[in-house]
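Here is a short note on the aromatic rings and their contacts. Please read it with the structure open.

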Amino acid sequence: MHVLFTGLNGLIGSYLARLVGHKYFSSELKVSSFVRSSSYSNHTISSRSISDDVYFGSCASIHELSFAVSRSKPDLIVHIAQHRYTPNIIKALSSSGHNCSLLVVGTTGVFSKFSSCSSPYLHGEQLLLESGLDFCLIRPSMIYGSRLDKNIHKLYERIAAGKFLLLPNNGSSKFQPVFYKDISFALFSLIDRWMYDRFFAHRFINLPGPDTLSLREICTLIALYSANPSLRTIPLSLDLAHLAAKFSFAVLREKSPILPEQILRLREDKVFHLIGI
């Protein structure tokens, strides 16, 4: 059995690689990894240890993806890299003439009422449905638990440093943070089951965390467990916060501490049921 991973060197992928390695290290499972950088320092120990073959390229390139697919001929692709590249995975399979199962990490952002937030994810999910491929897509909520997460660790660093925190709408928006290792374990369980069944029983699975917390409650908990227990906040309207985020992104681009999309989604409570359909 042959599995091709994208994003195996990342936060979720690295822990998943440990789980896969512990169970399937001496089995017939062959692992290929598709990564952006050939730099040895960018490869985690766990991802290096389980990978039989490594293909270098970007998920933004259909040509590079097609090369990896045509060479590896996987039975299953586990796409952990950004969900916005899912259409490229599907096109790469089509152009290479290869057919296999897909396990994709999506996002609960697909449920946003703001089309600027949800449309890329809706497009990827629709293409999966139209592809005719056997697939399963999991939708984690806000991911936390590591310096590499793109959400809560930024809050932690700012709060721990005693800096003032802009809190749109007084931090009333609801979240369900999910621990990154829980996502890795969910993927491992799905891969493990797929190894026996050779198909996925569910096409879409919501994967929120167990607790519902407001943004203010999350910040209060971070302050409680950081070196600086006093939470220093500046209340701000959502409209003004969105304007500030747009200005920040226009100036700093990828280095901006917050994106306009993230402010827009603060107008919505991100509370979901754990379901598989």
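The points below cover the ring pairs, then the charges over rings.

1. Keep in mind that this is a predicted model. It holds seven aromatic pairs. A pair of aromatic rings is described by the distance of the centres and the angle of the planes.

2. Start with Phe135 and Phe204. Their rings meet edge-to-face, with 5.5 Å between centres and 75° between planes. Phe135 belongs to strand S6 (residues 135-140) and Phe204 to strand S11 (residues 204-207), so this pair ties together parts that are 69 residues apart in sequence.

3. Are these two rings buried or exposed? Phe135 is buried, at 1% relative accessible area. Phe204 is buried too, at 8%. Both values fall under the 20% cut-off for buried.

4. Next, take Phe185 and Phe188. This pair is tilted: the centres are 6.4 Å apart and the planes make an angle of 40°. Both residues lie in helix H7 (residues 180-197). They are three residues apart, about one turn of the helix.

5. The burial of this helix pair needs a separate look. Phe185 is partly exposed, with a relative accessible area of 47%. Phe188 counts as buried, at 12% relative accessibility.

6. Which residues do ring pairs link into a cluster? They are Tyr144, Phe179 and Tyr180.

7. Two arginines lie over ring faces. Arg198 lies over the face of Trp194, 5.8 Å from the ring centre. Arg232 places its charged end over the ring of Phe164, at 4.1 Å from the centre.

Conventions
Residues are numbered from 1 along each chain as its sequence is written. This is a predicted model: local features need pLDDT of at least 70, side-chain atom pairs count only at pLDDT 80 or more; totals for chains, interfaces and linings use all residues. Side-chain values use heavy atoms; hydrogens and water are left out. Rings of Phe, Tyr and Trp (its six-membered ring) pair if their centres lie within 6.5 Å; planes under 30 degrees apart count as stacked, over 60 as edge-to-face and the rest as tilted. Helices (H or I, at least four residues) and strands (E, at least two) are DSSP runs, numbered from the N terminus. Buried means under 20% relative accessible area, exposed over 50%, partly exposed in between (1.4 Å probe, protein chains only). A charge sits over a ring if NZ of Lys or CZ of Arg is within 6 Å of the ring centre and within 35 degrees of the ring normal.
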